[in-house]
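Q: Take a close look at how the side chains with charges and rings are placed in this model. Walk me through it in one go, and keep the numbers in.

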Amino acid sequence: MKKGLVLEGGAMRGLFTAGVIDVMMEEGIDFDGLIGVSAGSSFGCNYKSRQPGRVLRYNLRFGRDPRYMGLRSLLTTGDLVGAEFAYHTLPLELDIFDIETFESNPMEFYLVATDVATGSPAYYRMDRVDYDSLEWLRASASMPVVTRPVRVSDGRRMLDGGISDSIPLEYFQSLG
């Protein structure tokens, strides 16, 4: 039997989830797969990279930084969360995401975004960490009204996965 973990969204309420997954990582609890939606994907990717404490650390360090999130970011970029800073600069330069561990960990990692054209959920298996995959991760957590749609690698425009599948248990079960 395979074991999976489903992480729902909830914006910054996802920090509670981050604390729970930190404890599970510290206790050595492993899963065959993880699927996350919105904050569940943005924070859950740290489970596959085995980085307990990272979510809390960068949110405390950059939470008040206007490049990370806030009204200034919304007014100047159209995104409440600063897309380039939060999804590219921060993990690749400022609070390094462990790409090597993520890519070598056999745990399957999926995320959910919503296709703007159809309103349907789009499920993406993230096996590597590159610009396109980070954009899928951003799309999964791009809340309507306070975020512009994200154009992903196949050309589709995406928004927050919570719009179309807020708790992706059924899809995850269909994978086994």
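A: Let's start where a charge meets a ring: K48 has its charged end over the ring of F102, 5.1 Å from the ring centre. Keep in mind that this is a predicted model.

On to rings with rings. There are nine aromatic pairs in the structure. One of them is Y110 with Y171: the ring centres are 6.4 Å apart and the planes meet at 75°, so this pair counts as edge-to-face. Y110 sits in strand β3 (residues 108–115) while Y171 belongs to helix α8 (residues 169–174), so the pair ties together parts that are 61 residues apart in sequence. On the burial side, Y110 is buried at a relative accessible area of 8%, whereas Y171 is partly exposed at 23%. Another aromatic pair, Y124 with W136, is stacked, with 4.6 Å from centre to centre and 5° between the planes. This one also links distant parts of the chain: Y124 is in strand β4 (residues 121–125) and W136 in helix α7 (residues 131–140), twelve residues apart. Y124 and W136 are both buried. Back with Y110 and Y171, those two join Y123 and F172 in one aromatic cluster.

Now for the charges. Side chains of opposite charge can pair when their charged atoms come close. Here that gives twelve salt bridges. Take D30 and R50, which form one with their closest N and O atoms 3.0 Å apart. The two come from distant parts of the chain, with D30 in the loop between α1 and β2 (33–37) and R50 in the loop between α2 and α3, 20 residues apart. D30 is partly exposed at 37% relative accessibility, and R50 is partly exposed too, at 44%.

In the D65–R67 salt bridge, the closest N and O atoms are 2.6 Å apart. Burial is split across that pair: D65 counts as buried at 15% relative accessibility, while R67 is partly exposed, with a relative accessible area of 47%.

R125 and E108 make a salt bridge as well, with 3.7 Å between their closest N and O atoms. R125 is in strand β4 and E108 in strand β3, so this contact ties together parts that are 17 residues apart in sequence. R125 is partly exposed at 36% relative accessibility. Elsewhere, salt bridges with shared partners connect D79, E135, R138 and R148 into one network.

R138 deserves a moment of its own. You'll find this residue in helix α7, and at 11% relative accessibility R138 counts as buried. Leaving out residues up to four places away in sequence, R138 touches D79, A83, Y87 and V150. Of those contacts, A83 and Y87 are among the buried residues of helix α5 (residues 83–94), a list that also has F85, A86, H88, L90 and P91. The cover over the buried residues of α5 includes α2 (39–48), α3 (54–62) and α7.

So what about a buried charge that has no salt bridge? That's D22, located in helix α1 (residues 14–26). The nearest side chain of opposite charge is R57, at 8.3 Å, and since a salt bridge needs the nitrogen and the carboxyl oxygen within 4 Å, D22 goes without one. Its side chain does have a polar atom 3.0 Å from the backbone nitrogen of G53. Apart from neighbours within four places in sequence, D22 is in contact with Q51, P52 and G53.

One last stop takes us away from α5. I167 is in the loop between β6 (157–160) and α8, and is partly exposed, with a relative accessible area of 48%. Its C-alpha atom is 24 Å from that of A83, and the two residues are 84 residues apart along the chain. Not counting residues up to four places away in sequence, I167 touches V6 and E8.

Technical notes: Residues are numbered from 1 along each chain as its sequence is written. This is a predicted model: local features need pLDDT of at least 70, side-chain atom pairs count only at pLDDT 80 or more; totals for chains, interfaces and linings use all residues. Side-chain values use heavy atoms; hydrogens and water are left out. Helices (H or I, at least four residues) and strands (E, at least two) are DSSP runs, numbered from the N terminus. Buried means under 20% relative accessible area, exposed over 50%, partly exposed in between (1.4 Å probe, protein chains only). Lys and Arg count as positive and Asp and Glu as negative; His and the chain ends are not counted. A polar contact is a pair of N or O atoms within 3.5 Å; within protein, one must be able to donate a hydrogen and the other to accept it, and residues adjacent in sequence count only if both atoms are side-chain atoms. Contact means heavy atoms within 4.5 Å. Rings of Phe, Tyr and Trp (its six-membered ring) pair if their centres lie within 6.5 Å; planes under 30 degrees apart count as stacked, over 60 as edge-to-face and the rest as tilted. A charge sits over a ring if NZ of Lys or CZ of Arg is within 6 Å of the ring centre and within 35 degrees of the ring normal.
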